[in-house]
Amino acid sequence: RMGFDCPSAWKSPGCSQTAGYKVFDESSLFGRDSKIREASNDTIENAQAWCTSNESCVGFASDEKKGIITFYSKNIVIFDVEITDGSDSYKVYMKNGPVGLAER
């Protein structure tokens with residue numbers, strides 16, 4: 001299930017250089033000391049706009065049941081949680097590379 005588009009090595013051959021997000025269903029993120037924001041009852045469109053305009057944001061995780069979106073900077077791990085009860089409410093949105101505004 002890995003395969004998001006080169007968030008750290010964006011100059012690598014074959015790395016996507018388009019704006020937008022890669023979506024991972026039934027997945028979650030973990031990053032010690034890399035949470036940069038948490039929003040309640042916000043829309044995915046607003047979350048994408050906030051993350052796109054924030055250069056330190058590389059992606060976010062959405063828990064639709066709890067209505068919480070958590071934004072992350074660097075050094076994160078993506079987890080496949082599809083065997084967990086209620087996993088269909090979890091989604092991860094990772095920026096397509098590159099993540100910096102100047103490089104996009």
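This passage describes the fold, the nonpolar cores and the largest pocket of a predicted model.

The protein chain contains one helix and seven strands, and from the N terminus on these elements follow the order β-β-β-α-β-β-β-β. Of its 104 residues, 37% count as buried, while the accessible surface of the chain comes to about 6,100 Å², with 48% of that area belonging to carbon and sulfur atoms. Among contacts with a separation of 6 or more, 73% are accounted for by residues 24 or more positions apart.

In soluble globular proteins, nonpolar side chains tend to be buried together. In the present model, the largest nonpolar core consists of nine residues, namely Tyr21, Ala39, Ala47, Cys51, Cys57, Phe60, Ile69, Phe71 and Tyr93, and the elements that give two or more residues to this core are helix 1 (44–53) and strand 5. A second, separate core has eight residues, including Phe24, Leu29, Val58 and Ile78. When residues up to four places away in sequence are not counted, Cys51 touches Tyr21, Cys57, Val58, Gly59, Phe60, Phe71 and Lys95; of these partners, Tyr21, Cys57, Phe60 and Phe71 belong to the largest core, whereas Val58 belongs to the second.

The largest pocket encloses about 180 Å³ of space. It is lined by 13 residues, of which Ser28, Asp63, Ile68, Thr70 and Tyr90 are the closest to its centre. Two or more lining residues come from each of strand 2 (27–30), strand 4 (59–63), strand 5 (68–72) and strand 7 (90–95), and by class the lining comprises five nonpolar, four polar and four charged residues. Strand 5 thus appears both among the elements lining this pocket and among those contributing to the largest nonpolar core.

Terms used. Residues are numbered from 1 along each chain as its sequence is written. This is a predicted model: local features need pLDDT of at least 70, side-chain atom pairs count only at pLDDT 80 or more; totals for chains, interfaces and linings use all residues. Side-chain values use heavy atoms; hydrogens and water are left out. On a 1 Å grid over the protein atoms alone, a cavity is a set of points where a 1.4 Å probe fits but cannot get out, and a pocket is an open set with protein on both sides within 12 Å along at least five of seven lines; lining residues have an atom within 4 Å of a point. Grid points are joined across faces, edges and corners, and a volume is the space filled by probe spheres set on the points. Helices (H or I, at least four residues) and strands (E, at least two) are DSSP runs, numbered from the N terminus. Ala, Val, Leu, Ile, Met, Phe, Trp, Tyr, Cys and Pro count as nonpolar, Asp, Glu, Lys and Arg as charged, and the others, Gly among them, as polar. Buried means under 20% relative accessible area, exposed over 50%, partly exposed in between (1.4 Å probe, protein chains only). Contact means heavy atoms within 4.5 Å. Accessible areas come from the Shrake-Rupley method with a 1.4 Å probe; for residues, only the protein chains shown count as cover. A nonpolar core is a set of buried Ala, Val, Leu, Ile, Met, Phe, Trp, Tyr and Cys residues joined through side-chain atoms within 4.5 Å.
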